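Please find below my comments on the model, set out as numbered points. I begin with one residue and its surroundings and then widen the view.

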Amino acid sequence: LTLPRAAADTPAHEQGNERRPRQQPSPAAPPPRHGRPAGRPGRPPKPEDEHDYAPWEKRVDAILRLLADSKRRLISTDELRRGIEELGPGAYDEMSYYERWIASITNNLVEKGVITVDELGRRMAQVAAAWPAGAEAPARPVAERKP
Amino acid sequence: VSARFTVGATVRVRAAFPPGHLRTPFFVRGKTGRVTQVLGPYRNPEELAYGRSGEPALPLYRVVFETAGLWDDYRGAARDTTVVDIYENWLEPAEETV
């Protein structure tokens, strides 16, 4: 995990603490848990760069980098981590890596008043309407499409 | 920021359990180890986590522990060690028992 450079004062020893997400485990494999290596026992770890990130995951990564950059400084690495911890003990089993990121980012931005719950709710409804579950993803983000 | 401990110092991690965002793992709290490196000042993550400045920066230490002393049921080699980076506010001077 390469943390945003705006959080560059993060000690080098902490970078890479949290592993990048791996491919979905096969049904036989136990679900990855916090603090436990995701690889199966007795097998060499998979290369970290093997995973193909979904477009939304890349977007979450980009959102965090932009929020944390030296121009904005709207969130720090420690705030991201604190927000993930506050999701509760189930979050590590029930949510994926970038789901935890976006949940923490969202809560941090609401706390700081960067976004409001009201505008988030309206926007989510808009996106859900424009992009029904199971539908083909639009070629361009909803906001950029012509009406 | 002047560091309170030097390389080779025996230190005990405070056995404190406050709520909040901490970078001190539970398994070393209350345990005794030895400083192997003074890593330099870093802004306090316990403050940064709540949107504050994290100033003043705290010295961060690399501390080595005997792993068998961390977990009662540890079955690995007796010479195994565990290295944890710990901020100065969590460390107290300790008697030479390691």
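1. In this predicted model, the residue I would look at first is B:Leu91, which touches B:Arg4, B:Phe5, B:Val11, B:Arg12, B:Val13, B:Tyr61, B:Val63 and B:Ile86 when residues up to four places away in sequence are left out of the count. A second core, separate and made of twelve residues, includes A:Leu67, A:Tyr97, A:Tyr98 and A:Trp101.

2. B:Leu91 also belongs to the largest nonpolar core, which has 16 residues and in which B:Val63, B:Phe65, B:Ile86 and B:Leu91 touch the most other members. At least two residues of this core come from each of β1 (10–13), β3 (58–66) and β4 (81–87) of chain B, and β3(B) gives the most, with three residues. As background, nonpolar side chains tend to be buried together in soluble globular proteins.

3. The elements of chain B run β-β-α-β-β-β from the N terminus on, that is, one helix and five strands. Of its 98 residues, 43% count as buried, and among the contacts in chain B with a separation of 6 or more, 62% are accounted for by residues 24 or more positions apart.

4. A residue of chain B that deserves a separate remark is B:Pro56, which is found in the loop between α1 (45–48) and β3 of chain B. Is B:Pro56 buried or exposed? Its relative accessible area is 62%, and B:Pro56 is therefore exposed, the cut-off for that term being over 50%. The C-alpha atoms of B:Pro56 and B:Arg43 are separated by 6.5 Å, although the two residues are 13 residues apart along the chain.

5. Chain A has five helices and zero strands, so its elements, read from the N terminus on, give α-α-α-α-α. Of the 147 residues of chain A, 29% count as buried, and residues 24 or more positions apart account for 57% of the contacts in chain A with a separation of 6 or more.

6. How do two of these helices meet, and at what angle do the axes of α2 and α4 of chain A cross? The axes of helix α2 (residues 77–85) of chain A and helix α4 (residues 97–112) of chain A come within 8 Å and cross at roughly 105 degrees, which makes α2(A) roughly perpendicular to α4(A), since angles of 65 to 115 degrees count as such. On the α2(A) side the contact is made by A:Glu79, A:Leu80, A:Arg82, A:Gly83 and A:Ile84, and on the α4(A) side by A:Arg100, A:Trp101, A:Ser104, A:Ile105, A:Asn108, A:Glu111 and A:Lys112. By class, the residues of this contact divide into four nonpolar, three polar and five charged. A:Trp101 appears in this contact and is also included in the second core.

7. My remaining comments concern confidence in chain A, where the average pLDDT is 74 and 56% of the residues score at least 70. In chain A, the mean is lowest in helix α3 (residues 91–94), at 89, and highest in helix α1 (residues 55–68), at 96.

8. Over residues 1–10 of chain A, pLDDT stays under 50, and the model has 29 contacts beyond four places in sequence for them. The pLDDT also stays under 50 over residues 12–40 of chain A, for which the model has 51 such contacts. Where pLDDT is low, the predicted coordinates should not be read in detail.

Conventions:
Residues are numbered from 1 along each chain as its sequence is written. Chains are lettered from A and ligands numbered from 1 in the order in which they are written. This is a predicted model: local features need pLDDT of at least 70, side-chain atom pairs count only at pLDDT 80 or more; totals for chains, interfaces and linings use all residues. Side-chain values use heavy atoms; hydrogens and water are left out. Axes are lines fitted to C-alpha atoms, for helices over the stretch in contact, and angles run from 0 to 180 degrees between N-to-C directions. Helices (H or I, at least four residues) and strands (E, at least two) are DSSP runs, numbered from the N terminus. Angles under 35 degrees count as roughly parallel, over 145 as roughly antiparallel, 65 to 115 as roughly perpendicular and the rest as oblique. Contact means heavy atoms within 4.5 Å. Ala, Val, Leu, Ile, Met, Phe, Trp, Tyr, Cys and Pro count as nonpolar, Asp, Glu, Lys and Arg as charged, and the others, Gly among them, as polar. pLDDT is the predictor's confidence in each residue, from 0 to 100. A nonpolar core is a set of buried Ala, Val, Leu, Ile, Met, Phe, Trp, Tyr and Cys residues joined through side-chain atoms within 4.5 Å. Buried means under 20% relative accessible area, exposed over 50%, partly exposed in between (1.4 Å probe, protein chains only).
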